[in-house]
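Colleague: Please take a close look at a single part of this model, and then relate the rest of your account to it in a connected way.

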Amino acid sequence: LSEDDLYNLPELTDPARIPAMSLLYECFAPAYLLGSPLVAIIGTLMSRISIKEGNCVYSSIGYIFLSAITFANSLKDFDNAYKFGDISIKINDRIFHNKEFEACIFDMWGTFVCHHKDPIDRAKKDLLRGFNSGLENGSFQWGVYSGIIYTFMSLWGPGTLKDLKAAFKNILPSSRKVEFYIAQWGYAAKATAYNLTEEVGDKTEFSEKAWPEVHTFMESRDVSTMLVNTTCKISLANWFSDTEKALEFADKGDPYLAGAPGVYFNPVFCFHQALAYTSAFDKIDGENKADYLIKIKSIVSDFELFAEHNPVTYLHQLLIIKAEFQRINGSLEQAMNLYDSAIDSAKEGGFLHNEAFACELAARFFFSLNKERIGNAYIYESYHAYYKWGATAKVADLESKYPQLLSQKIIPGTYNPASSS
């Protein structure tokens, strides 16, 4: 069926179907958190009822569940995911006007679907609508989920850490009041930003200054929470060139991927996992190398699909992984070209952190070939991109590693994300 066909379906008239649709809706959140296969069945059943018997107020929920879980997550059919997600929004906005469902719809849309087709800023705009609607209309859980994913997209998407500070200030205080546990995911992002801007001993350990409940929360064994923490930590380990810890987190995170299937930070983890494996590749024994190569190739395959549908967000990430893969494979000329393509693509999309990281990886590559002059040029580009991003602690890290090259500091001041509540 086309979007017009779905939109123009007759109204559901069987009174027995409405309670059934309501029950299916209420079952979704616990089923998802438990990792139950029912999550895919729920959206399919709700959508089937609507397509066969007509639309009702719950149809928009059925379509968004079908879009996010069945098409986007399970089948990786991002075109159909986008179609059913878009019709979900239109049906609720134009026909049923149900404010209670807005937060759920926009959370699922922004978290699972939209980022595979549209720029991250579009997903953030819709997630922010979901956050505000959830708080205004009492759908607190869905609203806070929307807000927390918004902070993740502000950390790992385009923009600066100054933008991220504004997101924390807008989202975290109210989130912790109504959904304390879910809000802690956002504080993990805040603690990550803190380590990027403040001098701390271990860059992969979180500070109570940015995250007061860190020690209590880190004891959680919930797999979704563990994936959030591990994604933050592996990102920091990679950004601060701690290959040993990055490899540790890469191995540790595999079992947690099932805790948030299809969610935006799932590919973020996989991106950093692949780069942890390539960075540590020369130090790994032969048996493990074969296993890691299989994992890297699998991640490349996933990102090829992601980049096909959304090159602005995912092409530069694919190119960075491919550049590193060619480096460890000994294909030096291909690696050189891929680094440059990755840097250009990241810059075009506004992903300052990935632009900076790609430049730093390229510099390491040229230093390994004893091409100091070329390597220095890439370090200087990396330095300025990290500065524009606002990662003052990483800038200081580069200054300490390359004091002769970066002797004249360009940082007039620092940004402290812990200053916001």
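**Helix H9 and its surroundings**

Modeller: The buried residues of helix H9 pack against four helices: H7 (120-137), H8 (140-156), H10 (180-197) and H19 (372-389). Contact here means heavy atoms within 4.5 Å, and buried means under 20% relative accessible area, with exposed over 50% and partly exposed in between (1.4 Å probe, protein chains only). The model is predicted, so local features need pLDDT of at least 70 and side-chain atom pairs count only at pLDDT 80 or more, while totals for chains, interfaces and linings use all residues. Residues are numbered from 1 along each chain as its sequence is written, and side-chain values use heavy atoms, with hydrogens and water left out.

The buried residues of H9 are Leu 161, Leu 164, Ala 167, Phe 168, Ile 171, Leu 172 and Ser 175. H9 itself covers residues 161-178, which makes 18 residues. Helices are DSSP runs of H or I, at least four residues, numbered from the N terminus. From first C-alpha to last, H9 reaches 26 Å, close to the 26 Å expected at 1.5 Å a residue; the expected span is 1.5 Å times one less than the number of residues. H9 also has a kink of about 30° at Ile 171, shortly before the proline Pro 173. The bend is the angle between axes fitted to the seven residues ending at a residue and the seven starting there. Ile 171 is thus both the site of the kink and one of the buried residues.

Turning from H9 to the largest pocket, about 310 Å³ of space lies there. Its lining has 20 residues, and the closest to its centre are Lys 76, Asn 266, Cys 270, Asp 302 and Phe 306. A pocket is an open set of points on a 1 Å grid over the protein atoms alone, where a 1.4 Å probe fits, with protein on both sides within 12 Å along at least five of seven lines; lining residues have an atom within 4 Å of a point. Helices H4 (59-74), H14 (265-279) and H15 (286-309) each supply at least two lining residues, and H15 gives the most, with six.

Are there disulfides? A search of the whole structure finds zero, a disulfide being a pair of cysteine sulfur atoms within 2.5 Å. For Cys 270, the nearest cysteine sulfur is that of Cys 232, 15 Å away. Cys 270 counts as buried because its relative accessibility is 10%.

Note on methods
Points joined across faces, edges and corners; volume = space filled by probe spheres on them.
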